[in-house]
Amino acid sequence: MSLERPRPRGGYVLLVRSGDSFEIVRVTRRELVIGREAGCDVVVDDESISRRHARLQFGPTITVLDLESRNGTFIAGRRLALNERAELHVHESLSVGAIQIFIEPAPARKHSTVRSTSSPRETVIVRDPKMVQLYAVLDVVAASPLRVIVLGETGVGKEVFARTLHAKSGRASRPFLALNCAALAESTLEGELFGYEKGAFTGATQTKPGLLEAADGGTVFLDEIGEIPLSTQVKLLRVLESGEVMRLGSLAPRTIDVRIVSATNRDLRARVAEGHFRSDLYFRLNGTTMTLPPLRARVVDIVPLAQVFAGAMAASLGRPAPTFEPAAIAALETYAWPGNARELKNVVERAVVMRQSGSICVEDLELEGQFEPTRTSSREIGPRATSSDLWDELELIERKRITDALAATGGNQSAAAKQLGIARATLIKRIAAFGLARPKKR
């Protein structure tokens with residue numbers, strides 16, 4: 001895709017989406033022709049695009065003219081007639097063939113491709129080219145009212161991404177509230193989302209506003225959105241369509257203004273095809289979809305993330321930030337990280353706690369398949385030889401986390417491993433090491 005760039009006129013950018021890929025095109029003239037032909041202002045190399053597909057004009061209003069395209073030009077789902085000129089509003093979806101385009105206000109120019117953005121809860125490291133592109137798109141999308149679906153494996157950082165989007169939006173001063181939809185039973189989930197009145201059901205001893213109501217003016221992050229029961233999907237759809245929420249047991253709706261950012265590691269389109277997810281809700285939630293690559297696909301981010309995690313844990317213990325030995329760095333960069341950034345954080349924090357002084361070595365990392373730690377290994381000689389109390393305390397904590405995760409997931413080892421941010425094989429080994437009863441298959 002290419003764009004002629006005469007003297008900048010500014011004001012808008014085009015967010016061009018093809019599948020899971022995005023490109024940001026800054027508007028530098030009053031008129032742009034979109035098409036496959038090399039002479040077009042915006043050249044889109046896609047078979048669904050005609051040689052000269054559509055013309056955008058920027059004046060007091062933004063207008064779109066279809067140029068007798070083969071596969072059509074659509075505004076908010078409506079196909080324009082041949083040579084029809086129509087007005088297009090900022091944030092409104094424009095489709096040319098199979099390509100989706102949004103027109104957004106231009107964000108401030110960024111001169112760095114490396115970002116480290118801190119908040120009280122997390123740090124964002126962006127060095128991998130794919131992540132740099134995604135965060136550039138995030139800058140544009142954050143300023144819009146678009147609802148966003150964030151896709152990616154468990155532990156890849158979907159909530160961190162959502163929090164960053166909220167922090168860069170006009171809603172940043174209002175609440176950001178998150179809910180894991182897979183962690184709650186249907187009745188509990190509805191109470192958390194919509195709230196309830198006193199006496200609405202047994203145990204409702206007082207009135208409670210729901211998450212959607214409490215986040216009024218802000219952002220609600222719904223993780224594992226694909227696991228919401230169909231009956232709850234209907235109620236959520238009604239909220240999105242009307243902008244009103246009805247507490248359980250109430251007769252009067254309450255008007256709310258929230259932005260929904262949802263996330264899943266499932267294929268929602270497949271869930272729709274299987275009848276497990278409503279297509280109308282999917283299209284309501286899917287203003288745009290952004291896919292985060294797994295940690296193993298962005299190796300350049302691994303060591304900087306590990307250093308941030310190590311520094312934060314060391315600071316909490318009142319110690320200087322440790323360094324990583326070359327072999328440890330190599331192990332970090334070659335490990336597959338099935339639990340993604342969440343697993344990396346757990347591994348590094350454990351290593352910092354156990355390595356009370358000196359650099360972190362490969363054995364400290366205890367990576368699955370690379371080193372099997374034993375309580376009698378030679379690496380306990382030295383500073384660790386006097387740390388048995390710390391070992392015992394950590395084992396108690398680890399045992400409790402495992403039993404809590406198994407209890408929360410009904411004994412489902414795969415789900416418990418995901419919750420803990422470790423591989424399933426690692427969980428099974430730790431269950432055996434602690435002498436815990438293996439959960440029965442259901």
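Leaving aside neighbours within four places in sequence, which residues is Leu222 in contact with? The notes below come to that in point 5, after the model and its sheets.

1. **Model and confidence.** This is a predicted model. The mean pLDDT of the protein chain is 83, and 86% of its residues reach 70 or more. Two stretches need care. Over residues 1–9 the pLDDT is below 50, and this stretch has 27 contacts in the model beyond near neighbours in sequence. Over residues 109–121 the pLDDT is also below 50, with 24 contacts beyond near neighbours in sequence. Where pLDDT is low, the predicted coordinates should not be read in detail.

2. **Overall make-up.** The protein chain has 14 helices and 22 strands. Of its 442 residues, 47% are buried. Take the contacts between residues at least 6 apart in sequence: 61% of them join residues at least 24 apart.

3. **The mixed sheet.** Five strands form an open sheet, in the order β4-β3-β5-β6-β9, and the pairing is mixed. The edges are β4 (42–43) and β9 (85–88); each has a single partner strand, so one side of each is left without a neighbour in the sheet. At one edge, β3 (residues 31–35) runs parallel to β4, joined by 2 bridges. Gly35 stands opposite Val43 there. At the other edge, 4 bridges join β6 (residues 62–66) to β9, and these two run antiparallel. Thr63 has Glu87 of β9 as its bridge partner. The faces of β9 also deserve a look: Ala86 and Leu88 make up a covered face, while Arg85 and Glu87 make up an uncovered one. Glu87, the bridge partner of Thr63, is thus on the uncovered face.

4. **The antiparallel sheet.** Another open sheet has 6 strands, in the order β2-β1-β11-β10-β7-β8, with antiparallel pairing. Its edge strands are β2 (21–26) and β8 (78–79), and each pairs on one side only. Helix α1 (residues 129–142) packs on this sheet. The helix touches β1 (12–18), β2 and β11 (99–105), and its direction makes about 60° with that of β2. At the β8 edge, 2 bridges join β7 (residues 73–75) to β8, which run antiparallel. Ile75 stands opposite Arg78 in that pair.

5. **Nonpolar cores.** In soluble globular proteins, nonpolar side chains tend to be buried together. The largest nonpolar core here has 27 residues. Leu212, Leu222, Ile225, Ile260 and Leu285 have the most contacts inside it. Several elements give two or more residues to this core: β14 (148–151), α3 (186–194), α4 (211–214), β18 (219–223), α5 (230–242) and α7 (279–285). Helix α5 gives the most, with 4 residues. Now the opening question. Leaving aside its neighbours within four places in sequence, Leu222 is in contact with Leu179, Cys181, Leu193, Leu236, Ile260, Val261, Ser262 and Ala263. One of these, Ile260, is itself among the residues with the most contacts inside the core. Apart from this core lies another, of 26 residues, among them Val124, Val126, Leu134 and Leu138.

6. **Helix α8.** How far apart are the end C-alpha atoms of α8? They are 21 Å apart, which agrees with the 21 Å that its 15 residues (302–316) should span at 1.5 Å a residue. Many side chains along the helix can be checked for burial. Ile302, Val303, Pro304, Leu305, Ala306, Phe309, Ala310, Met313 and Ala314 are buried. Just after α8, Gly318 takes a positive phi of about 75°.

7. **Two backbone points to check.** Trp337 has a positive phi of about 50° although it is not a glycine. Trp337 lies in the loop between α9 (326–334) and α10 (340–354). Is Trp337 buried or exposed? Trp337 is buried, with a relative accessible area of 0%. Asn340 likewise is not a glycine, yet has a positive phi of about 55°. Its place is in helix α10. Asn340 is buried too, with a relative accessible area of 0%.

Methods:
Residues numbered from 1 in each chain as written. Predicted model: local features only at pLDDT ≥ 70, side-chain atom pairs only at ≥ 80, totals over all residues. Heavy atoms only, no water. Pairing = 2+ DSSP bridges. pLDDT = per-residue confidence, 0-100. Contact = heavy atoms within 4.5 Å. Expected span 1.5 Å × (residues − 1). Buried < 20%, exposed > 50% of the residue type's maximum accessible area, 1.4 Å probe, protein only. Axes fitted to C-alpha atoms, helices over the stretch in contact; angles between N-to-C directions. Core = buried A, V, L, I, M, F, W, Y, C linked by side-chain atoms within 4.5 Å.
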